[in-house]
Amino acid sequence: MALHSHSLLCSGRTARRLVPLFVFSTQRTFPHPRTVYFRTENALLTKQVHDISCRRLTAKAAANEVFLAPELSKNFDFTAEERIYNWWESQGYFKPNIDLDGPPFVISMPPPNVTGALHMGHAMFVTLEDIMTRYSRMKGRPTLWLPGTDHAGIATQLVVEKMLASEGIRREDLSRDDFIGKVWEWKRKYGRTITNQLKRLGASCDWSREHFTLDEQLSQAVVEAFIRLHEKGLIYRGTYMVNWSPNLQTAVSDLEVEYSDERGTLFYFKYQVAGGSMDDFLPVATTRPETLFGDAAIAVHPQDDRYAKYVGKMAVVPMSGGREIPIIADDYVDREFGTGALKITPGHDPNDYAIGKKLGLPLFNIMNKDGTLNENAGPYRGLDRFVARSRLWSDLEAAGLALKAEPYTLRVPRSQRGGEVVEPLVSEQWFLKMEPLANKALEALENGDLRIIPERFEKTYNQWLLNIKDWCISRQLWWGHRIPVWHIEGRGGEYIVARDEADAYRKAHDKYGQNVELEQDPDVLDTWFSSGLWPFSTLGWPNKMSEDFLHFYPTTVLETGHDILFFWVARMVMMGIEFTGRVPFSYVYLHGLVRDSQGRKMSKTLGNVVDPSETIREYGTDALRFTLATGTTPGQDINLSSERLAANKAFTNKLWNAGKYILQNLPSKSDTSAWTEIWDWKACWFSLLSHVGIGYLVVSIQMMPWFTCL
């Protein structure tokens with residue numbers, strides 16, 4: 001059983017530990033070394049039984065009633081898993097022994113969000129990482145599985161804002177410091193929930209080394225990383241188009257936007273040609289008519305005879321009070337899509353933004369940060385974007401400018417966190433140049449410093465890095481790592497990058513004199529920025545002489561879901577090489593997603609979410625982990641069914657009954673003569689069988705797809 005492997009599979013100590021944990025409270029020693037012969041069909045196996053001094057483990061376990069006698073228990077009571085786990089942790093068995101020989105095995109846990117509740121993705125990575133960790137530990141390697149949690153900027157701020165709203169308080173009613181104080185109060189009260197659930201899954205991490213991405217040490221690492229990147233000219237401030245979340249009031253990265261096919265409407269209406277007759281117009285089709293107030297041009301294909309006579313003339317923007325825009329020709333236009341006439345809105349469409357920059361078109365912003373239209377929308381000012389869309393269409397119909405509206409399937413971008421439709425918006429943000437970092441990450445894979453399992457994801461990794469864009473690293477939030485930049489009041493655009501406010505004032509006084517006022521940038525860094533430093537910031541970086549960094553960096557393997565290959569894995573590789581000169585791990589092992597019995601993605605909408613905590617209460621941790629471990633292959637999704645869980649619960653019970661049979665046929669503790677006889681010769685026989693069993697186990701593990709990583 002998964003949770004009992006630590007006690008039952010410990011090299012030569014196996015025989016001595018198996019029995020005493022249940023029946024002894026005193027310490028014994030194996031006999032002197034001897035050679036034991038055991039005949040099989042084909043060979044004579046030779047085993048040396050070593051003289052092993054039993055540790056005081058036995059007395060401790062018995063005194064604390066960690067392992068209870070099974071005489072009356074017909075079925076395995078999996079509620080004992082938690083008691084046994086707590087005892088293991090209290091004895092320090094999850095901590096690495098750096099005095100052992102050989103290279104260490106080190107794995108960093110993907111830090112779950114501090115707001116999170118346990119889901120099957122957590123159960124999957126805990127199962128696989130725990131197997132790797134326990135196997136390496138039992139093989140005698142210094143082994144560290146380093147745990148922690150992520151501050152989850154957007155998710156945590158949303159949770160606390162909702163909590164405050166239930167009390168009639170808005171975030172804007174509080175000062176920034178007061179709101180952050182509320183978040184820390186929430187974290188202290190609820191932040192241990194996910195950690196305790198991970199422990200219930202049997203994760204044998206070294207919890208004494210647990211980190212939180214807003215810990216003081218990790219926060220210092222984030223500031224140091226920002227400063228170094230800025231000094232190299234890789235971090236810059238600029239005005240570009242970003243994905244804007246109106247509900248969250250922040251920019252979100254491309255990777256944090258999810259697209260879904262949804263039913264919508266394609267609206268057709270007229271742009272009258274200035275100075276022409278009522279019959280001189282260009283028909284335009286769009287799914288977002290409200291953006292017409294931001295139009296800068298109408299484009300047609302140079303070889304489209306339908307509109308050739310209008311190129312070079314002006315068109316009147318509908319419902320704008322007569323504002324005119326040029327009609328231009330460009331090869332970008334697809335003559336076959338819609339009407340062949342394309343409205344260009346550089347301020348609210350990423351493709352139009354690129355065309356506008358190429359052609360030097362003006363940029364009009366028609367939207368406020370909350371998704372309402374601004375003064376550039378004229379009479380629609382203050383209306384929500386979707387309300388404005390409906391009212392504008394009615395007005396176009398009334399003015400005789402509407403042509404038709406037809407059903408249309410849209411690729412709708414939604415915020416991964418908030419769920420609302422994301423708006424393309426030009427905004428001033430902080431960016432990180434990615435190409436120099438990406439080139440080194442590509443080289444690491446090419447020269448073999450990094451391996452990805454399964455290999456098919458290497459192509460995906462390469463394609464993303466080859467086509468990478470600069471990363472928008474700023475977020476308009478209050479919870480997170482505040483950007484270490486101080487703006488100089490009265491000197492527009494000038495700023496100081498520093499480690500803290502005192503450092504900023506020292507630098508400012510040296511450059512501008514004593515009469516200077518500073519104001520720190522209000523934005524925080526994208527949560528994935530700090531997560532990208534995780535494998536080495538948790539080991540003491542930027543102090544490369546720290547004991548943990550010297551002993552355990554670089555780590556051995558990064559095990560995680562294939563769905564965050566871009567979010568996290570590639571960024572860790574880039575950051576690791578940039579700041580330490582080495583790849584942060586040698587292997588990346590990607591597991592699949594856990595789906596329901598019908599192969600559907602688990603979602604609250606479908607009502608098919610399987611809660612691991614409920615599963616553990618019904619089937620036990622061992623049954624759940626065994627189901628996940630035996631049902632997964634690298635990168636492939638797994639279908640989880642109650643039938644498989646029930647079958648594996650029955651299997652764990654068979655193991656329990658087998659062990660119970662052995663224990664119930666042993667002499668009583670008071671029969672010292674019987675035990676003396678057993679230890680004289682039967683222990684050697686039992687130890688041999690144990691070693692044979694361990695041998696089979698090792699061979700089986702070596703056949704597992706993740707064994708290459710060990």
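These points describe aromatic rings, and charges over them, in a predicted model.

1. Aromatic pairs overall. The count of aromatic pairs comes to 24. One of them joins tryptophan 471 and phenylalanine 529, with 6.1 Å from centre to centre and 45 degrees between the planes. This pair is tilted.

2. Where the tilted pair sits. Its two members come from distant parts of the chain, 58 residues apart. Tryptophan 471 belongs to strand β18 (residues 471–472), while phenylalanine 529 belongs to helix α16 (residues 527–531).

3. Burial of the tilted pair. Are these residues, tryptophan 471 and phenylalanine 529, buried or exposed? Tryptophan 471 counts as buried because its relative accessibility is 5%, and the cut-off for buried is under 20%. Phenylalanine 529 also counts as buried, with a relative accessibility of 0%.

4. An edge-to-face pair. Phenylalanine 536 and tryptophan 541 have ring centres 5.4 Å apart. Their planes stand at 90 degrees, so the pair is edge-to-face; planes over 60 degrees apart count as such. Phenylalanine 536 and tryptophan 541 are both buried.

5. The cluster around that pair. Which residues form one aromatic cluster with Phe536 and Trp541? The other members are Phe549, Tyr553 and Phe579.

6. Charges over rings. Two tryptophans are worth looking at here. Over the face of tryptophan 478 lies arginine 171, at 4.7 Å from the ring centre. At tryptophan 244, the charged end of lysine 369 sits over the ring, 4.5 Å from its centre.

Note on methods. Residues numbered from 1 in each chain as written. Predicted model: local features only at pLDDT ≥ 70, side-chain atom pairs only at ≥ 80, totals over all residues. Heavy atoms only, no water. Phe/Tyr/Trp six-rings, centres within 6.5 Å; stacked < 30°, edge-to-face > 60°. Helix = DSSP H or I, 4+ residues; strand = E, 2+ residues; numbered from the N terminus. Buried < 20%, exposed > 50% of the residue type's maximum accessible area, 1.4 Å probe, protein only. Lys NZ or Arg CZ within 6 Å of the ring centre and 35° of its normal.
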